[in-house]
Amino acid sequence: MEVADGVDSESKIQQRRMRRVGLLYDERMCKHSTPDGGQHPENPDRIKVIWNKLQAAAIPQRCVILGAKEAEDKHILSVHSKNHVNLIKNISSKQFDSRRNRVASKFNSIYFNEGSSEAAYLAAGSAIEVTERVAKGELDSAVAIIRPPGHHAEQDEAMGFCLYNNVAIAARFLLDEKPELGINKILIVDWDVHHGNGTQKMFWKDPRVLFFSVHRHEFGSFYPATDDGFYTMIGEGPGAGYNINVPWENGRCGDADYFAVWDHILVPVAKEFNPDLIIVSAGFDAAAGDPLGGCRVTPYGYTVMLKKLMDFAHGKIVLALEGGYNLESVANSVLACVEVLLEDDPIHGSSEAYPFESTWSVIQAVRQKLSSFWPSLADELPEKLTNKKAPPAAYILTSSSDSEEEDYEAPNAISKHLEEVLQHVIEPLSKLKINESIQGNDSDSVNAFNVCFSSYDSC
């Protein structure tokens, strides 16, 4: 990876040596896979390629390697119902052999196999492990390379490839079980391309957690296809103002769009909130080349966003893997982020591009909606700033090698067959708006929706 020119001073080298970054990976989480061995975007190779990339760059030797631990039921029950915990705990047992697929079909975009229970418990427990180590000060920061992901999982429901809500479980563990560690305020930054609906609902009324999600939304037509990710969803009761959604109106958003959101929403609010710890729901499906995301964030873009977050909470940051389905993109992006945590020299990149006009519109709408809660958002953005904008974005369903080539040498880590499969997964949903009829009595629509996303290869 290309780095900026320059010679480190002795003091900077010494500072870098002292920085302790935790790294957690456990191949047992690869046991969760499709029951028939078929292709699926959320597969074991996602974490394998990340680990291999880090090893090739000699990263593990510079980090504190942590062992994965299974979560205890009592900690999972802090955000999930007893029925949900019982299901995930037992779904891999022999008693479910004959009906496991049938159970999975009742959920939105979920599969189960004999390794799902163990992987889910390890993912949640590993999120707890790394956040507790950082909270204690044993580590400056940490990265949890875990799967299955978690931010879509709701209190009583697995969905969107997610079984347990790993980040929510870890945050609630610190706040409720470890008050002696002094972590009283947690900022959760969800930069996955999809809205973190599950995490949002779990802290909807909790002012101890500032939940921030930037995601493709397209007025409720992009997965998870509800209005939960709209900018008007700001929390309730004591949690009002502590839920911030930045919903993209179109695909192809890239570094410039994310930088604008950081500079004009997230960073000002983070200064006011002054978190004790930051957890990033680190999905990398907004990366250029991702088959589900259709956005264009580069590894450089992720490093800039992460570097800005390190100015808060004394750099106490945990990255917990969420989505990311282009194998090369996700591996390169994670590597870039770990190097930021290690305070390596920054990689080269350009911030000369401008945000889309729709990005400025969304930023201004969010600022206006939340200005009564966060005074730093009250001022109008100057016209000379918002006039700097890119041409309108063409509406796209998914990214492809053709559409990305003009802006970025997109990694081609998925087969042509998988691209076709993914198109069948995404296209029906991208045209679907969950409305009152679907939420109510239109059972045929509900069934079509669930079947498409729980059995992607039959859509």
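Let me begin with how the chain is connected: among contacts in the protein chain between residues at least 6 apart in sequence, 79% join residues at least 24 apart. Please keep in mind throughout that what we are looking at is a predicted model. The protein chain has 459 residues, of which 60% count as buried, and it contains 17 helices and eight strands.

I will start with the interior. As a general point, nonpolar side chains in soluble globular proteins tend to be buried together. In this model, the largest nonpolar core has 129 residues, and those with the most contacts inside it are Ile-145, Trp-191, Phe-212, Tyr-258 and Trp-262. The element that gives the most to this core is helix α9, residues 255-273, which supplies eleven residues. If we take Trp-262 as an example and leave aside residues up to four places away in sequence, we find that Trp-262 touches Val-189, Trp-191, Phe-212, Val-214, Val-267, Pro-268, Met-305, Lys-308 and Leu-309.

Now, what about empty space? In general, rolling a probe the size of a water molecule over the atoms shows where such space is left. A search of the whole structure finds five cavities of 30 Å³ or more, and I would like to dwell on the second largest cavity, which holds about 60 Å³ of space. Which residues line the second largest cavity? They are Ile-50, Val-143, Ala-144, Ile-145, Ala-282, Phe-284, Leu-319, Ala-320, Leu-321 and Val-334. When we sort the lining by character, we count ten nonpolar residues, no polar ones and no charged ones. Two strands, β3 at 141-145 and β8 at 317-321, each supply at least two residues of this lining. You may recognise Ile-145, which lines this cavity and which was also listed among the residues with the most contacts inside the largest nonpolar core.

Let us turn to two helices. Helix α6 covers residues 116-136, and at 1.5 Å a residue its 21 residues should span 30 Å, so the 30 Å between its end C-alpha atoms agrees with that expectation. Is helix α6 largely enclosed or largely open? Because 18 of its 21 residues are buried, α6 is largely enclosed by the rest of the structure. Just after α6 comes Gly-137, which takes a positive phi of about 90 degrees.

The other helix is α12, residues 357-370, whose 14 residues reach 20 Å from the first C-alpha to the last, close to the 20 Å expected at 1.5 Å a residue. The buried residues of α12 include Trp-360, Ile-363, Val-366 and Leu-370, and Arg-367 is also one of them. These buried residues pack against β6, α9 and α13, the last of these at 383-386, and α9 is the helix we met as the one that gives the most to the core.

Next, some details of the backbone. The peptide bond from Arg-147 to Pro-148 is cis, with omega near 0 degrees, and Pro-148 is found in the loop between β3 and α7, where α7 covers 166-177. A cis peptide bond also joins Tyr-223 and Pro-224, here with omega of about 10 degrees, and Pro-224 is found in the loop between β5 at 209-216 and β6 at 243-248. Ala-225 lies in the loop between β5 and β6 as well, and although Ala-225 is not a glycine, it has a positive phi of about 60 degrees. With 0% relative accessibility, and the limit for buried being under 20%, Ala-225 counts as buried. Arg-252, which is not a glycine either, has a positive phi of about 70 degrees, and its place is in the loop between β6 and α9. Is Arg-252 buried or exposed? Its relative accessible area is 9%, so Arg-252 is buried.

I will finish with two residues in other parts of the chain. Tyr-325 lies in the loop between β8 and α11, which covers 327-341, and at 6% relative accessibility Tyr-325 counts as buried. Tyr-325 and Gly-293 are 32 residues apart in sequence, yet 8.7 Å apart in space, C-alpha to C-alpha. Lys-74, by contrast, is exposed, with a relative accessible area of 54%, and it is found in helix α3, residues 73-76. The C-alpha atoms of Lys-74 and Val-85, which are eleven residues apart along the chain, are separated by 9.7 Å.

Definitions and conventions
Residues numbered from 1 in each chain as written. Predicted model: local features only at pLDDT ≥ 70, side-chain atom pairs only at ≥ 80, totals over all residues. Heavy atoms only, no water. 1 Å grid on protein atoms, 1.4 Å probe; cavity = no way out; pocket = protein on both sides within 12 Å on 5 of 7 lines; lining within 4 Å. Points joined across faces, edges and corners; volume = space filled by probe spheres on them. Helix = DSSP H or I, 4+ residues; strand = E, 2+ residues; numbered from the N terminus. Nonpolar A, V, L, I, M, F, W, Y, C, P; charged D, E, K, R; others polar. Core = buried A, V, L, I, M, F, W, Y, C linked by side-chain atoms within 4.5 Å. Buried < 20%, exposed > 50% of the residue type's maximum accessible area, 1.4 Å probe, protein only. Contact = heavy atoms within 4.5 Å. Expected span 1.5 Å × (residues − 1).
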